[in-house]
Amino acid sequence: MVKVHYFFDPMCGWCYGATALLDAIAANSDLKLELHPGGMIANQSIEKAFRNHILTSDARIASITGAQFGKGYIQRVKSNESMILDSYITARAIITAEQLGIAPLNMLKTIQHAHYVEGKQVNRAEAIEELAVELGLDKNHWQRAMLANQGAEQTKIVQSRLLMQKLQVTGYPTLILEKHEKQIKLPHTTYYGKPDAWRQLIDDYIQ
């Protein structure tokens, strides 16, 4: 089985923009997708000055990738209300979801949609819990599993960083295809908005 290692951060706008590329990988039965979360932001309040940079970056992401940023999210970024982002609790949610039978990419996409489209505060445990329930998980089971996994995200993030160092790659998103113990960095930025060409590229690598 050919693997694709996906280095990402739940709070990375470019990772949200790469969703269509990840969907194509996940849909390919000849590939095994492995997610490696980053830890860009640790429960950090985003200041007003940086929010303008976020909006500018998001506009560029939308124009290049076709990703849609919702009114709820944009209004939240523009507002004067507190905006706290957290790569850690969202990473723990992805780890926990996988343990409970939800594909990690599905949990990631659900978190991204809640954040980048609906403008929900996914740094809050209650908000993430609502998403887990929407995906069909039992509320009590989720609460117990998230509690049991406290700190698991830190271990996973350290492992991700070490693997990135080993592969000599930086930044999110990064996609590494592993075949016969050889690693190939996929040129994903060239294929934003080109799903057919992207699928063909992946098929060519698998052959």
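Which strands does helix 2 (residues 19-26) lie across? Select helix 2 and look: strand 1, strand 2 and strand 5 (174-179) are the ones. Helix 2 runs at about 140° to strand 2. Helices (H or I, at least four residues) and strands (E, at least two) are DSSP runs, numbered from the N terminus. Axes are lines fitted to C-alpha atoms, for helices over the stretch in contact, and angles run from 0 to 180 degrees between N-to-C directions.

This is a predicted model, where local features need pLDDT of at least 70, side-chain atom pairs count only at pLDDT 80 or more, and totals for chains, interfaces and linings use all residues. Residues are numbered from 1 along each chain as its sequence is written, and side-chain values use heavy atoms, without hydrogens and water.

Next, select helix 10 (residues 195-206). Helix 10 packs on the sheet and touches strand 2, strand 5 and strand 6. Its direction makes about 30° with that of strand 5.

Now show the sheet itself. It is open, has 4 strands in the order 2-1-5-6, and its pairing is mixed. Strand 2 (31-37) and strand 6 (182-185) are the edge strands, each pairing on one side only. Two strands pair if DSSP finds at least two bridges between them.

Zoom in on strand 1 (residues 2-8). Strand 1 and strand 2 run parallel, joined by 7 bridges. Pick Tyr6: its bridge partner in strand 2 is Leu35.

Last stop: Ser45, in strand 3 (residues 44-45). Leaving aside neighbours within four places in sequence, Ser45 is in contact (heavy atoms within 4.5 Å) with Ser82, Met83 and Ile84. Ser45 and Ser82 are 37 residues apart in sequence, yet 6.9 Å apart in space, C-alpha to C-alpha.
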